[in-house]
Each structure stands twice: as structure tokens, then as C-alpha cells.
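Open the structure in your viewer and keep the sequence panel visible. The stops below are meant to be selected one after another.

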Amino acid sequence: MIRCVRLWTGEDGNSHFEEGVIELAPGQRGDFLTGKIDATSVSFQETESGGAFSWHTAPIRQLVITLSGTLDFQTRDGHHFLIHPGNILLAEDTAGSGHSWKLTDDSSWRRAYVVLRPGAEVPFRAKARQSARA
């Protein structure tokens, strides 16, 4: 499984996130894989060490695959999550209050943007939430 964080806009107009994975199924030669994901384009971008981006929404529903750099993402309600190299962000917060990010290490942020075709299925599975103990 590949770590994935889903970021979406809730009914309250704010961005929210949940931890999960991209589900992989057994394939040939002992590999694990997904089926093809319907995308319209792939592009690459690099932000130098120390970079940050204040409040914004995702321009379109997309996968953001981090190749290098560690980032601290924040939602308006003050919640944070980290993205590390090899992690995937499923960015679905295309409206509302948005999110911000900043690089937290000395690396540049190299990433691939995979723009999803409308309605494309992504094999994201949220982690089970732990219930509160009495």
C-alpha cells in the first residue's frame, strides 16, 4: 500500500483531510499494482527549499506525488499533516477555505501532478478511525 492523504471540502466550506492508502492488488512477478487511473495530464514542478504557499484551494481534482521534500500542510481549523517523499496527496478541496503548506526540511519539493478526468475512480481507502475509549 502507498500512503495517501485525501484533502476535500466539507459541507462547512472548510478543507478537511483523512489518512489512508492507495490500495494495491497482487500482480505479475510478485508486484502489487492498481488498475489504470483515468487522468488528463501529468506535469512536474519544483519549489526550492524554504518554500511555502499560503491559503489556496486545489485548482482541479488531482493526485500530487511527492518525489522529494517534506511538507507541513495545514487546514483553516488548525489541523496539520505531513507529506514525505513517496506519499500521495489526493487533492479534492477545489472550493472553500483551502489549505496552506510549507517545506520543513532542506530539500526542494519535487512533485508530479496527475490531473484526474472528472469522475475518475481513485483506489483510496481511508484508515479505520479509532473509537474513543471510556
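## From one strand pair outward

Start by selecting residues 62-68, strand S7, together with residues 88-92, strand S10; the two pair in the antiparallel sense over four bridges. This is a predicted model, so treat every stop as a computed feature. Within the pair, pick Ile65 and then its bridge partner in S10, Ile88.

Now widen the selection to the sheet around them. The order S5-S12-S7-S10-S1-S2-S13 describes an open sheet of seven strands with mixed pairing. At its edges stand S5 and strand S13 (124-126); each has a single partner strand, so one side of each lacks a neighbour in the sheet. Look along the strands: neighbours in this sheet are turned by 30° against each other on average, direction ignored.

**The four-stranded sheet**

Which strands make up the open sheet of four? Select S6, S11, S8 and S9, in that order, and the antiparallel pairing can be followed from strand to strand. Here the edges are strand S6 (52-56) and strand S9 (80-83), and because each has a single partner strand, one side of each is left without a neighbour in the sheet. The average turn between neighbouring strands of this sheet is 20°, direction ignored.

Inside it, highlight strand S8 (residues 71-75) and strand S11 (residues 99-103), an antiparallel pair with five bridges. Leu71 is the residue to click here, with Leu103 of S11 standing opposite.

**The nonpolar cores**

Keep Leu71 selected and add Phe73, Phe81, Leu89 and Trp109: of the 14 residues in the largest nonpolar core, these five touch the most other members. Strand S1 (2-9), S8, S9, S10, S11 and strand S12 (109-116) are the elements that give two or more residues to this core.

What surrounds Trp109 once its neighbours within four places in sequence are set aside? Show its contacts and you will find, among them, Leu71, Phe73, Trp101 and Leu103. The contacts of Trp109 also include Gln45, Glu46 and Thr47, as well as Val64, Thr66, Ser68 and Gly69.

Next, select Cys4, Leu90, Val114 and Leu116; they are included in a second, separate core of eleven residues.

**Last stop: a loop**

Finish at Gly35, in the loop between strand S4 (32-33) and strand S5 (39-47). Is Gly35 buried or exposed? Gly35 has a relative accessible area of 57% and is therefore exposed, the cut-off being over 50%. Draw a distance from the C-alpha atom of Gly35 to that of Glu23, twelve residues apart along the chain, and the separation is 10.0 Å.

How values were computed: Residues numbered from 1 in each chain as written. Predicted model: local features only at pLDDT ≥ 70, side-chain atom pairs only at ≥ 80, totals over all residues. Heavy atoms only, no water. Buried < 20%, exposed > 50% of the residue type's maximum accessible area, 1.4 Å probe, protein only. Pairing = 2+ DSSP bridges. Axes fitted to C-alpha atoms, helices over the stretch in contact; angles between N-to-C directions. Core = buried A, V, L, I, M, F, W, Y, C linked by side-chain atoms within 4.5 Å. Contact = heavy atoms within 4.5 Å.
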